[in-house]
Amino acid sequence: MENVTVIVLAAGGGTRMKSKTMKVLHPVAGRSMIGHVLRAVQAVEPERVVAVVGHQREQVGPHITELLPGALLAVQETQDGTGHAVRVAVEAAAAAGPVRGTVLVSAGDTPLLRGESLREFVEEHAASGRAVSVLTGRVANPFGYGRIVRDADGGVAAIVEEKDATDEQRRIDEINSGILAFDADFLLGALPRLTNDNANGEYYLTDTVKIARQDGLSVGAHMVDDVSQTEGANDRAQLAELHRQLNARTVTAWMKAGVTVMDPATTWIDDDVVLERDVTILPNTQLLGATVVREDAVVGPDTTLKDCEVGEGARVVRTHAELAVVGDGATVGPFSYLRPGTQVGATGKVGAFVETKNAVLGEGAKVPHLSYVGDATIGEGTNIGAGTIFANYDGVNKHHTVVGKHARTGSNNTFVAPVTIGDGAATGGGTVVRQDVPPGALVVPGATQRVIEDWVLERREGTAQADAARSARSESTD
């Protein structure tokens, strides 16, 4: 296809969404509604894409240009109808170069739209030589939609809105999707001829059908089998339904690609997730963002992973993780929390009720139970005893702990960072490690407790901690 200009309408306020976020920016399956549309329109290989923005354009415009850096933005200052919006877009497109060939107009709130459907539509339109083509579909309940009235030859005679339709026309189940393709020369001539002589005082793009018919030009329709592709969302209930439909489509596609999904109804998979063959997803699992799960891995049940990588043959159960990497053959969970920066090495383990953050576990390293590991590097083959805390925060700064290879640390340890525990070292149960431990050494708990008076007031002046201590001392002396 050559010389295709795409216009995406994204200027409406979306007041029924009752949100401070612009309607087209609401996410569906990890991507904004307009993000889905911008990706779909790439299938027609457009010469340029023009997005019409209006309400909250300070939000919408940068989002569009971030997703599609070459997109042009056209500002519709007043909401005077779809015909007015397209006229604004054509003016912006013409400023960048001649508008020629085919102009495709699409709404910005149809996240189920498929690129292949648009491509077939535009190809048919271009081959037919029509002035106008309308993407249509059949629905069981067409109430509220514009009806497609066809002539004896099967061409489109008119698009009749619900409020203007006769009883006979209301029985028509073929509806206007709001997605249209135009011969560019016809559109440029028809836009100035649109009027706002209607109940809403707006310029309707669909009036171009009447203009084309008056001029003796061809108007046709391209019917899609799955009309849900063209559905938009005006409120949160419709948004949830679109999300459900898109998720069902995504889950089904992955199952057909060789992924086992035990309970599709409780499995949610974002649009950018990548799954390899023979992955198993157990019930109540969410795979979000750019998560990647490698072959033979098992994820779930009751697990949420966002922007994570799960290695081949790994097992992640009842876990919440974000920006984390789980190596090949590693196990995580149950009831684990992997925060950003966590890397679990191959065959490693993060066990029950363990939280990690900026923690790198070497191959075969294990943190089996009831521990917090923050800002740490743990060498290969090392085992961290139950109930261990990596005390990485001194109240002002974060510090790093290094545990060497094949070390064995006892239960209920506290590593007060910064500290290094050497390769092959060991620690006794209940040890508070404040100084470096040489390789192969054993460190055991001390026998006495030291109390250093006024330490906080001397070392943490200006902090909430010091203010609290000073206040408490003042109360005790009153």
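Let me begin with Asp278, which counts as partly exposed because its relative accessibility is 43%, where partly exposed means between the cut-offs for buried, under 20% relative accessible area, and exposed, over 50%, with a 1.4 Å probe and protein chains only. Before I go on, please keep in mind that this is a predicted model, in which local features need pLDDT of at least 70 and side-chain atom pairs count only at pLDDT 80 or more, while totals for chains, interfaces and linings use all residues. Residues are numbered from 1 along each chain as its sequence is written, and side-chain values use heavy atoms, with hydrogens and water left out.

Asp278 sits in the loop between β14 (274-275) and β15, and strands here are DSSP runs of E with at least two residues, numbered from the N terminus. On the surface, Asp278 joins Glu295, Asp296, Glu312 and Asp328 in a patch of negative charge. Such a patch takes residues with over 30% relative accessible area and no salt bridge, and joins like charges within 9 Å; a salt bridge would be a side-chain nitrogen of Lys or Arg within 4 Å of a carboxyl oxygen of Asp or Glu. The place of each charge is taken as CG of Asp or CD of Glu.

From that loop we can step into the sheet. Seven strands form an open, parallel sheet, and their order is β12-β15-β18-β21-β24-β27-β29, where two strands pair if DSSP finds at least two bridges between them. Its edge strands, each pairing on one side only, are β12 (260-261) and β29 (366-369). At the β12 edge, the partner is β15 (residues 280-281), joined in the parallel sense over two bridges, and Val261 stands opposite Ile281 there.

Now to the backbone, and to some local features that deserve a careful look. Most residues other than glycine have a negative phi, and most peptide bonds are trans. Arg318, however, has a positive phi near 45°; Arg318 belongs to the loop between β21 (315-316) and β22 (319-322), and at 33% relative accessibility this residue is partly exposed. Asn358, also not a glycine, has a positive phi of about 50°, but its place is in strand β28 (residues 355-361), and Asn358 is partly exposed at 37% relative accessibility.

As for cis peptide bonds, one runs from Gly333 to Pro334, with omega near 5°, and Pro334 lies in the loop between β24 (331-332) and β25 (336-338). Another runs from Ala417 to Pro418, with omega near 0°, and Pro418 is in the loop between β34 (414-416) and β35 (419-421).

Finally, let us turn to β1. How many residues of strand β1 (residues 4-10) are buried? Seven of its seven residues are buried. In a regular strand the side chains alternate between the two faces of the sheet. In β1, Val4, Val6, Val8 and Ala10 point one way, whereas Thr5, Ile7 and Leu9 point the other way. Strand β1 pairs in the parallel sense with β6 (residues 102-107) over six bridges, and with β4 (residues 48-53), again parallel, over six bridges. Thr5 takes part in both pairings, since its bridge partner in β6 is Val103 and its bridge partner in β4 is Arg48.

Notes: Helices (H or I, at least four residues) and strands (E, at least two) are DSSP runs, numbered from the N terminus. Patches are made of residues with over 30% relative accessible area and no salt bridge: like charges are joined within 9 Å, nonpolar side chains (Val, Leu, Ile, Met, Phe, Trp, Tyr) within 5 Å. Accessible areas come from the Shrake-Rupley method with a 1.4 Å probe; for residues, only the protein chains shown count as cover. Lys and Arg count as positive and Asp and Glu as negative; His and the chain ends are not counted.
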